[in-house]
Amino acid sequence: MADHKFGGPWTLVKLDLLEKYLHFFGTALQDQPKPDSRFRRCYIDAFAGTGKCTVRVGKTARATVQGSAEIALATEPAFDVLHLIDLDPLHAEDLRLLASSAAPRDVRVYQEDCNAALRRIIESTDWKGTRGVAFLDPYGMALHWETLKAIADTKALDAWYLFPLSGIFRQAARDFNRMLPENAEAIDRILGTDEWRERFYLTDCQTVLVDEDQATRRYRVATPRDIAAYVHERLCSIFRGWVSPPVILPESGAPLFALFFAVSNPASKAVELSMRGAGHLFEMLRKKRIGPRNLTTPADESSLSLF
Ligand SMILES: C[S@@+](CC[C@H](N)C(=O)[O-])C[C@H]1O[C@@H](n2cnc3c(N)ncnc32)[C@H](O)[C@@H]1O
């Protein structure tokens, strides 16, 4: 198995939220809409990894934990179908092993870019009879807005999306005039608009006064929280059920991600149910009761006191 090293304590927060939400979702939909004709429950992991991950939990300590794909496979009540996507050939190989060890369960592995795979999965699923959870956990800026919109348009998927704030910061040069076109295009793709050029940047009035040639000079003024608030606004424009306010991760230090939970189904019963499940988890998170319980290889106890 590939040793998949990434993330830090926030990774454990995100995985614990996922584990608890998947259990809630399966239980809540167990007999819906009717016990004798229930929804088919599906799980989609757009960046599935290998099934395990090795996470930094202290200055030098690391711990190996179940990754999202293993967590989803272990969820009870079980999903009827699991779609596991990863671009990396070694990761996909591990996912295939995971799928074969789960046989005869319906576990499908896609070794390709998430945008192409998600589109196919969405197009080939009957969303009238299916409800599901999509876990969107990229390293960087890989998920395109159009794909996110396709997820929202199912009106049947709840999504957990770890939005890469640090990716935006890396691509969005402080001085707009120095921005590489390909970086601007990457931001257009992830946000689905070029409006961010106005929202994140301001013309520097001082340079306008001092030197008229520099009248078009613009600087990034948006903070990570401003960017997260803007992403929230954008998500609300396509997810018609509910979008949670962002949870900025990690909780201290430089913000790397904004975690969102988004409900695509606008029906009030569905919204109430998803909000109840996720709302309870956010409350647990606020009380610091979400964290490292799924450690399989505790590394060093002192690092765990973080939680
Ligand atoms: C943060 S890791 C996911 C971790 C996983 N969710 C877990 O809990 O173990 C991101 C994964 O996305 C994969 N990846 C990167 N770019 C991708 C793309 N365009 N499409 C699909 N997978 C991609 C990487 O190979 C990596 O395994």
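The ligand is surrounded by 19 residues, and the closest of them are Phe47, Gly49, Gly67, Ser68 and Asp88. By type, this shell divides into 11 nonpolar, 4 polar and 4 charged residues. The model described here is predicted.

**Core**

The largest nonpolar core comprises 83 residues. Within this core, the residues with the most contacts are Ala46, Ala134, Leu136, Phe260 and Ala262. Helix H1, residues 9-28, gives the most to the core, contributing 9 residues. Leu136 shows what such packing involves: leaving aside residues up to four places away in sequence, Leu136 touches Ala46, Phe47, Leu143, Ala159, Trp160, Tyr161 and Leu162. Two names in that list recur elsewhere in this report. Phe47 is among the residues closest to the ligand, and Ala46 is among those with the most contacts inside the core.

**Strands**

Strand E3, residues 40-45, is mostly covered, with 5 of its 6 residues buried. E3 pairs with strand E8 and with strand E6. Leu136 falls within the range of E8, residues 130-136. Strands E4 and E5 pair with each other and form a hairpin, with 5 residues between them. The pairings are set out below.

| Strand pair | Sense | Bridges | One bridge pair |
|---|---|---|---|
| E3 (residues 40-45) and E8 (residues 130-136) | parallel | 6 bridges | Cys42 and Gly132 |
| E3 (residues 40-45) and E6 (residues 81-85) | parallel | 4 bridges | Asp45 and Leu84 |
| E4 (residues 52-56) and E5 (residues 62-66) | antiparallel | 5 bridges | Val55 and Ala63 |

Arg62 lies in strand E5. Is Arg62 buried or partly exposed? Arg62 is partly exposed, because 18 other C-beta atoms lie within 10 Å, whereas a buried residue needs 20 or more. Between Arg62 and Ser268 there are 43 Å in space, C-alpha to C-alpha, and the two are 206 residues apart in sequence.

**Helices H5 and H7**

In helix H5, the buried residues are Thr147, Leu148, Ile151 and Ala152. Viewed down the axis of H5, these buried residues fall within an arc of 145°, so they line one face of the helix. That face has several partners: the buried residues of H5 pack against helix H4 (114-123), E8 and strand E9 (157-164). After H5 comes Lys155, which has a positive phi, near 55°.

Helix H7 spans residues 181-191, and Ala186, Ile190 and Leu191 are buried in it. Why do they belong to the same side of H7? They cover an arc of only 120° around the axis, and this places them on the same side of H7. The cover over the buried residues of H7 includes helices H5 (145-153), H6 (165-171), H8 (196-200) and H10 (224-236). H5 therefore appears twice in this account, with its own buried residues on one face and as part of what covers those of H7. On the face of H7 turned away from its buried side are the exposed residues Pro181, Glu182 and Glu185. Just after H7, Gly192 takes a positive phi of about 70°.

How values were computed
Residues numbered from 1 in each chain as written. Predicted model: local features only at pLDDT ≥ 70, side-chain atom pairs only at ≥ 80, totals over all residues. Near = placed C-beta within 6 Å. Nonpolar A, V, L, I, M, F, W, Y, C, P; charged D, E, K, R; others polar. Buried ≥ 20, exposed ≤ 12 C-beta atoms within 10 Å, placed from the backbone. Helix = DSSP H or I, 4+ residues; strand = E, 2+ residues; numbered from the N terminus. Arc of directions from axis to C-beta. Contact = placed C-beta atoms within 7 Å. Pairing = 2+ DSSP bridges. Core = buried A, V, L, I, M, F, W, Y, C linked by C-beta atoms within 7 Å.
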